[in-house]
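Colleague: I'd like a close look at one part of this model, the stretch you think says most about how the chain packs. Could you pick it and walk me through what sits around it?

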Amino acid sequence: MMIQEILLVLAAYVVGSIPTGLLLSKAVGGIDIRTTGSGNIGATNVYRTMGRTVGILTLIGDSLKGALPVVAAKAFGYPDIVIALAGVAAF
């Protein structure tokens, strides 16, 4: 693997590790979602705790975290294995 491909996979991992639900719940309601509801930072707990809008924004953000590295890898013409690794790393 070339260094650019390794950096892409590492960047996908970093993007995937962004806690969207936690950031949105703190920014919008000042709530630490990890201590509310089920304690999960996912869209379902955010939806139940913070409401529809923040829950949907969390779902969209989480979906984009997985999709953007894959789309970027495809756009730059990387081989299928690198595209797959970017998706797995983001997950």
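Modeller: What follows is a close look at helix 5, with the rest of the chain brought in afterwards.

Some ground rules before the details. This is a predicted model, so local features need pLDDT of at least 70 and side-chain atom pairs count only at pLDDT 80 or more, while totals for chains, interfaces and linings use all residues. Residues are numbered from 1 along each chain as its sequence is written, and side-chain values use heavy atoms, with hydrogens and water left out.

The protein chain has five helices and zero strands; helices (H or I, at least four residues) and strands (E, at least two) are DSSP runs, numbered from the N terminus. In order from the N terminus, the elements read α-α-α-α-α. The C-alpha atoms fill a box of roughly 45 × 20 × 20 Å along the principal axes. Of the 91 residues, 31% count as buried; buried means under 20% relative accessible area, exposed means over 50% and partly exposed is in between, with a 1.4 Å probe and protein chains only.

Now to helix 5, residues 80-90. Its buried residues are V82, I83, A86, A89 and A90. Looking down the axis of helix 5, these fall within an arc of 130°, so they line one face of the helix; the arc is that of the directions from the helix axis to the C-beta atoms. The general point is that an α-helix has 3.6 residues a turn, so residues three or four places apart point the same way. On the other side of helix 5 you'll find D80, I81 and V88, which are exposed.

What does the buried side of helix 5 pack against? The partners are helix 1 (3-16) and helix 4 (52-75), where contact means heavy atoms within 4.5 Å.

Take helix 1. Helix 1 and helix 5 pack at an angle of about 25°, with their axes 7 Å apart; axes are lines fitted to C-alpha atoms, for helices over the stretch in contact, and angles run from 0 to 180 degrees between N-to-C directions. That makes helix 1 roughly parallel to helix 5 (angles under 35 degrees count as roughly parallel, over 145 as roughly antiparallel, 65 to 115 as roughly perpendicular and the rest as oblique). Their crossing is right-handed; a crossing is left-handed if the near helix is turned anticlockwise from the far one by less than a right angle, and right-handed if clockwise. Helix 1 brings E5, L8, V9, A12, Y13 and G16 to the contact, and helix 5 brings V82, L85, A86, A89 and A90.

That pairing also shows up in the largest nonpolar core, 10 residues in all: L8, V9, A12, A73, Y78, V82, I83, A86, A89 and A90. A nonpolar core is a set of buried Ala, Val, Leu, Ile, Met, Phe, Trp, Tyr and Cys residues joined through side-chain atoms within 4.5 Å. Helix 1 and helix 5 are the elements that give two or more residues to this core, and helix 5 supplies the largest share, five residues. A12 is a handy residue to click on: leaving aside neighbours within four places in sequence, A12 is in contact with P69, A86, A89 and A90.

A second, separate core has five residues, including L22, I33, V46 and M50. In that part of the chain, the buried residues of helix 2 are T20, G21, L22 and S25, and their cover includes helix 3 and helix 4. S25 counts as buried because its relative accessibility is 0%. Not counting residues up to four places away in sequence, S25 touches G30, I31, I33 and M50. G30, just after helix 2, takes a positive phi of about 65°.

For a contrast with the first pair of helices, look at helix 3 (residues 43-50) and helix 4, which pack at an angle of about 165° with axes 7 Å apart. That makes helix 3 roughly antiparallel to helix 4. Their crossing is right-handed, and the contact is made by A43, V46, Y47 and M50 of helix 3 with R52, V54, G55, T58, L59 and D62 of helix 4.
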